[in-house]
Amino acid sequence: MKILIAAAGRSGTTLACAAQLAQLLPGATVADLEMVWPDPAAYDAVIVGSAVRMGRFARKAAQFLQLPALKGRPFGCFCCCGLAENAPRYLAQNLPAPLATRAVTGCFGGRLDPLRLRGMDRFIVRSVAQARQKENLPAPQIDTAAIGRFVAAFLVACGKTEKME
């Protein structure tokens with residue numbers, strides 16, 4: 001089974017999660033939507049990943065989610081964000097209705113690393129990190145267990161009951 005994992009983000013966290021996901025789905029292809037625009041029709045299943053900024057998916061991921069070729073094939077969507085407790089709302093707000101009803105979804109956590117960003121993004125991330133620290137909240141991190149749960153659910157959605165070979 002050919003699986004496309006198309007991801008978009010600014011700091012590299014979403015692509016790092018896409019790479020971890022691909023390791024668990026042999027034969028999967030990871031595409032950085034900021035660099036390439038793959039044809040989802042060439043794949044049996046598609047997963048789209050996006051960073052979340054101010055409650056919105058990355059622009060390229062949001063545009064990719066509008067493609068008609070995503071309909072009719074197994075579909076998954078994950079997000080990476082610093083406030084994982086808000087992920088269900090972010091997914092509901094950003095997934096187009098026809099995809100949302102049948103998508104396998106998940107949140108893979110995130111990182112607040114201002115050194116990987118520039119300008120206003122750096123300022124916002126630094127401010128959020130400082131606010132979390134003042135409230136004694138842990139820093140967000142990538143949730144590898146969530147990636148594993150997503151893979152299991154996605155394989156079931158694809159009609160696979162065992163790990164792919």
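Trainee: Let's start with aspartate 143. How does its relative accessibility class it?

Mentor: Aspartate 143 has 31% relative accessibility, so it counts as partly exposed. Buried would need a value under 20%, and exposed a value over 50%. Keep in mind that this is a predicted model.

Trainee: Where is aspartate 143 found, and what does it touch, leaving out residues up to four places away in sequence?

Mentor: Look in the loop between helix H5 (119–134) and H6. With those sequence neighbours left out, aspartate 143 touches Phe108, Gly109 and Arg149. Also, its C-alpha atom is 8.1 Å from that of cysteine 107, although 36 residues separate the two along the chain.

Trainee: Okay, now the whole chain. How many helices and strands does it have?

Mentor: There are six helices and six strands. Reading from the N terminus, the order is β-α-β-β-β-α-β-α-α-β-α-α. Of the 165 residues, 45% are buried. And if you take the contacts with a separation of 6 or more, 76% of them join residues 24 or more positions apart.

Trainee: How do I read a pair of packed helices?

Mentor: Two things describe such a pair: the angle between the axes and the distance between them. Try helix H1 (residues 13–24) and helix H6 (residues 144–157): their axes come within 10 Å and cross at roughly 50 degrees. That makes H1 and H6 oblique to each other, because the angle falls outside the ranges for roughly parallel, perpendicular and antiparallel. The crossing of H1 past H6 is right-handed.

Trainee: Which residues make that contact?

Mentor: On the H1 side you'll find Cys17, Gln20, Leu21 and Leu24, and on the H6 side Thr144, Ile147, Gly148, Phe150 and Val151. Sorted by class, this contact of H1 with H6 has six nonpolar residues, three polar ones and no charged ones.

Trainee: What about the inside? How many residues are in the largest nonpolar core?

Mentor: It has 26 residues, and Phe64, Leu65, Phe75 and Cys79 have the most contacts inside it. Strand E1 (3–8), strand E3 (45–53), helix H2 (59–64), strand E5 (75–80) and helix H3 (87–94) each give two or more residues to this core. Apart from it lies another core, of 23 residues, including Ala7, Cys80, Ala146 and Phe154.

Trainee: Can we zoom in on phenylalanine 64? What is it in contact with, beyond four places in sequence?

Mentor: Among its partners are Leu4, Ala6, Leu33, Trp37 and Val48.

Trainee: And glycine 76: is it buried or exposed?

Mentor: Glycine 76 is at 0% relative accessibility, so it counts as buried. You'll find glycine 76 in strand E5. Not counting residues up to four places away, glycine 76 touches Val46, Ile47, Val48, Val104, Phe150 and Phe154. The C-alpha atoms of glycine 76 and valine 46 are separated by 6.4 Å, with their positions 30 residues apart along the chain.

Trainee: Last one: what should I look for in phi?

Mentor: Most residues other than glycine have a negative phi. Methionine 54 has a positive one, near 55 degrees. Its place is in the loop between E3 and strand E4 (56–57).

Trainee: Is methionine 54 buried or exposed?

Mentor: Methionine 54 counts as exposed, because its relative accessibility is 71%.

Key:
Residues are numbered from 1 along each chain as its sequence is written. This is a predicted model: local features need pLDDT of at least 70, side-chain atom pairs count only at pLDDT 80 or more; totals for chains, interfaces and linings use all residues. Side-chain values use heavy atoms; hydrogens and water are left out. Axes are lines fitted to C-alpha atoms, for helices over the stretch in contact, and angles run from 0 to 180 degrees between N-to-C directions. Helices (H or I, at least four residues) and strands (E, at least two) are DSSP runs, numbered from the N terminus. Angles under 35 degrees count as roughly parallel, over 145 as roughly antiparallel, 65 to 115 as roughly perpendicular and the rest as oblique. A crossing is left-handed if the near helix is turned anticlockwise from the far one by less than a right angle, and right-handed if clockwise. Contact means heavy atoms within 4.5 Å. Ala, Val, Leu, Ile, Met, Phe, Trp, Tyr, Cys and Pro count as nonpolar, Asp, Glu, Lys and Arg as charged, and the others, Gly among them, as polar. A nonpolar core is a set of buried Ala, Val, Leu, Ile, Met, Phe, Trp, Tyr and Cys residues joined through side-chain atoms within 4.5 Å. Buried means under 20% relative accessible area, exposed over 50%, partly exposed in between (1.4 Å probe, protein chains only).
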